[in-house]
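Student: Please take one part of this model, the empty spaces in it and the elements around them, and go through it closely. I am new to it, so explain each term when it comes up.

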Amino acid sequence: MKAIRVKFKPLGKRYFFGTAGESLRDGMSVIVNTIRGIELGFCTGEIFDLDEKDLSSELKDIVRIATKTDIETYEKNKADEPQIIKQTKVIAKELDLPIKVLEAEYTLDRTKLIIYFESENRIDFRELVKRLADLYHTRIELRQVGSRDGAKVFGGIGPCGLIVCCRTFITEFENVSVKMAKNQNLSLNPVKISGNCGKLLCCINYENDLYKELRKYAPDVGDIVKTADGPAKVLSCDVLNRNCKVKYIEEDNKFGFLKLDDIEFVRAMDKRKGEEDDADSE
């Protein structure tokens, strides 16, 4: 079936929609029906053939190509959103609600107003919803999002000195674990491996597959390996440069740096199995 990717924000998640027989192209505005209501989205990329087995749910077709009136309505909605955010912050402060208001979005037909906020605790926002409904005369939906989504709204500079990835190209957040940092011999100091959101840096995930593959053919710390000068214990292993630091067992206080090609070691089957189990659990 013919499908195309549609996004609702510049760096938002991409969703699949059927083309409904329309000639669509990259950047074209279209009207779609989502779980939130009628929305205006933007085509991303070109039309492609989508296999039904790749779908987790029924594929919806676009409703139509957006008209000039649709686009004008969309732009008016967007123009109203900054004031809505400002007003929501005022009301939340009056109600003493510990929340950080992030974004506000109207559906295209303004039948629903969705407000995103961040908070460390569960919030009773019933009074806030009531006040907002009385003010804007539409259905109000408040959505609590995580700290990563909050950081994506505010942006900032990462430890690399560049604008954070979530403001430049990341469209979906992937899981990042401490094990990934360990695989790359990164410092486990939370300050050094955490982003502006307080969570582990997204970039830790970028090279994880490479490190995981290289470690299949390298000894672990603590392994006993055979060298030209006798057996030695691995103290650290740099899989990218393919060398390791060892301590010789038969001689006290003798250490050395060796290339992986110059040592012999056998990966235990239980370690290989452990790697596979860990990969499955991620």
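**Pockets, a cavity and their walls**

Tutor: The second largest pocket holds about 350 Å³ of space. The model is predicted, so to speak of local features a pLDDT of at least 70 is needed and side-chain atom pairs count only at pLDDT 80 or more, while totals for chains, interfaces and linings use all residues. Residues are numbered from 1 along each chain as its sequence is written, and side-chain values use heavy atoms, with hydrogens and water left out.

A pocket is an open set of points on a 1 Å grid over the protein atoms alone, with protein on both sides within 12 Å along at least five of seven lines; a cavity is a set of points where a 1.4 Å probe fits but cannot get out; lining residues have an atom within 4 Å of a point. Grid points are joined across faces, edges and corners, and a volume is the space filled by probe spheres set on the points.

The lining of the second largest pocket has 21 residues, and nearest its centre are Gly-158, Val-164, Cys-165, Leu-201 and Cys-202. By class, 16 of the lining residues are nonpolar, 4 are polar and 1 is charged. Here Ala, Val, Leu, Ile, Met, Phe, Trp, Tyr, Cys and Pro count as nonpolar, Asp, Glu, Lys and Arg as charged, and the others, Gly among them, as polar.

The largest pocket has about 1,300 Å³ of space. Its lining has 36 residues, with Phe-8, Gly-12, Lys-13, Arg-14 and Tyr-15 nearest the centre. They divide into 15 nonpolar, 6 polar and 15 charged. At least two lining residues come from each of strand 2 (15–18), strand 3 (29–34), strand 6 and helix 3 (147–154). Helices (H or I, at least four residues) and strands (E, at least two) are DSSP runs, numbered from the N terminus.

Two of these wall elements can be followed further. In helix 3, the buried residues (under 20% relative accessible area, with a 1.4 Å probe and protein chains only) are Ser-147, Arg-148, Gly-150, Ala-151 and Lys-152. They pack against strand 6 and strand 7 (112–118), contact being heavy atoms within 4.5 Å. After helix 3 comes Gly-155, with a positive phi near 70°.

In strand 3, 5 of the 6 residues are buried. Strand 3 pairs antiparallel with strand 4 over 6 bridges; two strands pair if DSSP finds at least two bridges between them. Asn-33 faces Ile-38 of strand 4, and the two strands make a hairpin with 2 residues between them. Strand 3 is also antiparallel to strand 5 (residues 64–65), over 2 bridges, where Val-30 has Ile-65 as its bridge partner.

Strand 4 leads on to the enclosed space. There is 1 cavity of 30 Å³ or more. The largest cavity has about 130 Å³ of space. It is lined by 13 residues, and Glu-39, Leu-40, Tyr-74, Lys-78 and Tyr-106 are the closest to its centre. Strand 4 (37–49), helix 1 (68–94) and strand 6 (100–106) each give the lining at least two residues. Helix 1 has the largest share, 4 residues. The lining of this cavity is made up of 6 nonpolar, 2 polar and 5 charged residues. Strand 6 thus lies in the lining of the largest cavity and in that of the largest pocket.

Conventions
Buried means under 20% relative accessible area, exposed over 50%, partly exposed in between (1.4 Å probe, protein chains only).
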